[in-house]
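Visitor: Before we begin, I should like each descriptive term to be justified by its criterion. Could you take me through the reasoning step by step?

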Amino acid sequence: MKKIILLTLLNITLALWMVSTAHAEKMDSDTENMVIGRLERILSTLDAGDPARAPSEQRLADLLSERARQRFMSEVEAHCNGCKGSEADRKKAIQLYQGLLKTVNLKGDGAILFQLSHLYQMAGETNQA
C-alpha cells in the first residue's frame, strides 16, 4: 500500500508539473536529474510483480534515453572524442528497455524498439540497431 501511495504521489507531482509547463518546453537538467533519482528510488522499493513497475521502468528508460541524447549532442558539439558522459545513461536505458520487451504487450513494443534502435545507433552499434 505504501508503494502505491508513493507512486501515486510521484505521478501527481509529475502531472502537476506538466500542467504548469503545458507548452512544449524541455525539463531543465536539475529537474530531470531529480525525477530520474526519484524514479530510481521508487523502483528499488517495488516488487518485480508490481503492476506499477513496468510503466515506471519505461518512464525511467525514456528519461535516461533523453538525457543520454542531450549529453551526446553536447559531446559532439564540444568535439570531445572519448567523452563518456552519455554512455552510462545509454547503457542503463538499453538494459531497462530490453527487460521491458519481455513484459510489455505488442502495442508497447514499437516505441521500445524505436528507442533501442536509436540508443544503439548513438553507441555506434549499427548491427544491433
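Guide: The dialogue below sets terms used for this predicted model against their criteria.

Visitor: What is the overall pattern of the protein, and how many helices and strands are there?
Guide: The protein has five helices and zero strands. Along the sequence the pattern reads α-α-α-α-α. Buried residues account for 32% of the 129 residues. Of the contacts between residues at least 6 apart in sequence, 57% join residues at least 24 apart.

Visitor: How do you know that the length of helix 4 agrees with the expected span?
Guide: Helix 4 comprises the 15 residues 87–101, and at 1.5 Å a residue these should span 21 Å. The end C-alpha atoms are 21 Å apart, and therefore the two values agree. The buried residues of helix 4 are Asp89, Arg90, Ala93, Ile94, Leu96, Tyr97 and Leu100.

Visitor: What makes Asp89 a buried residue?
Guide: The term buried requires a relative accessible area under 20%. Asp89 has a relative accessibility of 7%, so Asp89 counts as buried.

Visitor: Why is the pairing of Arg67 and Asp89 called a salt bridge?
Guide: The criterion asks for a side-chain nitrogen of Lys or Arg within 4 Å of a carboxyl oxygen of Asp or Glu. For Arg67 and Asp89 the N to O distance is 2.6 Å, so the pair meets the criterion. This salt bridge links distant parts of the chain, with Arg67 in helix 3 and Asp89 in helix 4, 22 residues apart. Arg67, Arg71 and Asp89 are linked in a network of salt bridges. By this rule the count comes to six salt bridges.

Visitor: Is Arg67 buried or exposed, and what does Arg67 touch?
Guide: Arg67 has a relative accessible area of 13%, which lies under the 20% limit, and is therefore buried. Leaving aside residues up to four places away in sequence, Arg67 touches Glu32, Asn33, Ile36 and Asp89.

Visitor: Why are Glu66 and Arg69 called partly exposed, and what joins their side chains?
Guide: Partly exposed covers the range between under 20% and over 50% relative accessible area. Glu66 stands at 25%, so Glu66 falls in that class. Arg69, at 24%, therefore counts as partly exposed as well. Their side chains meet in a salt bridge, with 2.6 Å from N to O. Because Glu66 and Arg69 are three residues apart in helix 3, about one helical turn separates them.

Visitor: How do you know that Glu57 and Arg53 form a salt bridge, and where do they lie?
Guide: The closest N and O atoms of Glu57 and Arg53 are 3.2 Å apart, and the limit is 4 Å, so the term applies. Both residues lie in helix 3, four residues apart, about one turn of the helix. Glu57 and Arg53 are both buried. An α-helix has 3.6 residues a turn, so residues three or four places apart point the same way.

Visitor: What makes up the packing of helix 2 and helix 3?
Guide: Helix 2 (residues 29–45) and helix 3 (residues 53–77) pack at an angle of about 150°, with axes 10 Å apart. Their crossing is left-handed. Among the residues making the contact are Val35, Ile36 and Leu39 of helix 2 and Leu60, Leu63 and Arg67 of helix 3. By class, this contact has seven nonpolar, three polar and eight charged residues.

Conventions. Residues numbered from 1 in each chain as written. Predicted model: local features only at pLDDT ≥ 70, side-chain atom pairs only at ≥ 80, totals over all residues. Heavy atoms only, no water. Axes fitted to C-alpha atoms, helices over the stretch in contact; angles between N-to-C directions. Helix = DSSP H or I, 4+ residues; strand = E, 2+ residues; numbered from the N terminus. Left-handed = near helix turned anticlockwise from the far one by under 90°. Contact = heavy atoms within 4.5 Å. Nonpolar A, V, L, I, M, F, W, Y, C, P; charged D, E, K, R; others polar. Expected span 1.5 Å × (residues − 1). Buried < 20%, exposed > 50% of the residue type's maximum accessible area, 1.4 Å probe, protein only.
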